[in-house]
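Please open the model in your viewer and keep the sequence panel beside it. The tour below moves from the whole chain to single residues, saying at each stop what to select and what is there.

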Amino acid sequence: MPRSTVARIDLDALRHNYRLACNRAGSAHAMAVVKADGYGHGITQVALALAEEVPRYAVACLEEALAIREAGLRQPVVMLQGVHAEEDLDVCRQHGFEPVLHGHHQLGWLNPTGGHPDFWLKVNSGMNRLGFLPDELIDVMAALKAKGARSGLQGFMTHFACADDVDSPMTARQTLCFEQATAPWPELLRSVGNSAAHFIPGQPLFDWSRPGVMLYGGSPLLDKTGPQLGLKPVMSLEAPLITTRTVHAGESVGYGANWVADRDTRMGMVAIGYGDGYPRHAGTNTPAAVKGQRIRLIGRVSMDMLAVDLSNAPDAKEGDPVELWGREVGVDEVATCAGTISYELLTGITARVPREYR
Ligand SMILES: *Cc1c(COP(=O)(O)O)cnc(C)c1O
């Protein structure tokens, strides 16, 4: 019998979160970001669950865009990282993928005679990862026109560096920079806004926003959890208790023997570890839940198991499912305990953990 470690995926919660993104986007449309295997939830199932409501998907790369076509979906798919080679443009054209082009080398691959896909231009408004500088845009547009390659250009895109901090002045600076740089072409679309930007009061989202983590119930903001923003958790990560025992005062548990019981403690071992993507940096006191009671991790997370203190759950016994994150324990809380963000935890769940859909 397989162990009952599982990531349960609530597709109704996903749809609820997408609708919340649409509401918060106001007059902008929301392209659903389903990269990194739908943030670990399964790109095929996630894309299909949203198919009736989503007018455009966004992914990072070509393989992910192809997965959406393999699921039988016909919507345009934006490729946020553009293309890596000239021949990829042909694949994009055949399948209706829209790469976001960010460098001169990629513009050189556009082929006006053979036809090229619809595409977007990335504008570097201050993130300084990818994109054309605002000052360059006039020349870039003139060069596209001279080459006869402007057809297919959908619009401009930029990405915020500090939207997770609603008080950061950087987002307003980037917004203004982007607005001014793209003003000469009002006929083209404009896209800004990851999940966080949906929660910044008064933040313009132009024509298309790009919600990602919020669709999965993770908080995009530094100081809020998903549920505090009205988001529903989509993934519940569960694993069974495989043993329970009492460790006596003065005894340690696990690698490094770094947790030592200060009194006799009933503890349990849970069948999940960093080999499943549970973060090894989640230390003692990271919350989990069993039988509706919150419990805490003790000692170090191993590859295949971790230890919990069952003092709060005296009835818990072998075989009981422990929730590592989900409804009782927010993924954002666990992320904070592990010194990271929910994005990394959700995308990090490995292939060893089966996904079950509801
Ligand atoms: C991943 C990504 C998004 C989605 O970001 P979230 O913070 O998950 O909402 C939006 N735009 C771009 C360019 C991205 O790479």
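**The whole chain**

With the full chain displayed, ten helices and 19 strands can be picked out, where helices (H or I, at least four residues) and strands (E, at least two) are DSSP runs, numbered from the N terminus. This is a predicted model, in which local features need pLDDT of at least 70 and side-chain atom pairs count only at pLDDT 80 or more, while totals for chains, interfaces and linings use all residues. Residues are numbered from 1 along each chain as its sequence is written, and side-chain values use heavy atoms, with hydrogens and water left out.

Taken along the principal axes, the C-alpha atoms of the chain fill a box of roughly 80 × 45 × 35 Å. Of the 358 residues in the chain, 53% are buried; buried means under 20% relative accessible area, exposed means over 50%, and partly exposed is in between (1.4 Å probe, protein chains only). Among contacts in the chain with a separation of 6 or more, 63% are between residues 24 or more positions apart, a contact being heavy atoms within 4.5 Å.

**The two domains**

Next, colour residues 11-218 as domain 1 and residues 235-357 as domain 2; these bounds come from an automatic or database domain assignment. The C-alpha centres of domain 1 and domain 2 lie 37 Å apart, and the contact draws on eleven residues from domain 1 and nine residues from domain 2.

The size of an interface is often given as the accessible area lost when the parts come together. Here domain 1 and domain 2 bury about 890 Å² between them, with 65% of it on carbon and sulfur atoms; buried area is the accessible area (1.4 Å probe) that two parts lose on being put together, summed over both. Zero salt bridges are found across the interface of domain 1 and domain 2, if a salt bridge is taken as a side-chain nitrogen of Lys or Arg within 4 Å of a carboxyl oxygen of Asp or Glu.

**The annotated active site**

Now select Lys35 and Tyr255, where an unreviewed UniProt entry places the feature "active site"; UniProt positions are given in the numbering used here, feature names are shortened, and annotations may be inferred rather than shown by experiment. The two are spread over 221 residues of sequence and are also spread in space, up to 35.0 Å between C-alpha atoms. Of these residues, Lys35 is included in the lining of the largest pocket. On a 1 Å grid over the protein atoms alone, a pocket is an open set of points with protein on both sides within 12 Å along at least five of seven lines, a cavity is a set of points where a 1.4 Å probe fits but cannot get out, and lining residues have an atom within 4 Å of a point.

Zoom in on Lys35, which is in helix H2 (residues 35-39) and counts as partly exposed at 28% relative accessibility. Apart from residues up to four places away in sequence, Lys35 touches Ala58, Val59, Ala60, Glu64 and Leu80. Then move to Tyr255, in the loop between strand S12 (252-253) and strand S13 (259-260), where a relative accessibility of 57% makes this residue exposed. With residues up to four places away in sequence again not counted, Tyr255 touches Arg300 and Ser302.

**The annotated binding site**

For the next stop, select Arg129 and Met303, given as "binding site" in the unreviewed UniProt entry. They span 175 residues in sequence, and the farthest two C-alpha atoms are 34.0 Å apart, so they do not all gather at one spot. Of these residues, Arg129 is included in the lining of the largest cavity.

Arg129 is placed in the loop between strand S7 (119-122) and helix H7 (137-147) and is exposed, with a relative accessible area of 58%. Met303, in the loop between S16 and strand S17 (306-309), is partly exposed at 42% relative accessible area. Outside its neighbours within four places in sequence, Met303 is in contact with Gly273, Tyr274, Gly275, Asp276 and Arg352.

**Two buried strand residues**

Finally, select Glu98 in strand S6 (residues 97-101), which counts as buried at 4% relative accessibility. Not counting residues up to four places away in sequence, Glu98 touches several residues, including Arg56, Asp118, Trp120 and Gln154. End at Leu297 in strand S16 (residues 293-298), buried with a relative accessible area of 1%. Leu297 and Met269 are 28 residues apart in sequence and 9.7 Å apart in space, C-alpha to C-alpha.
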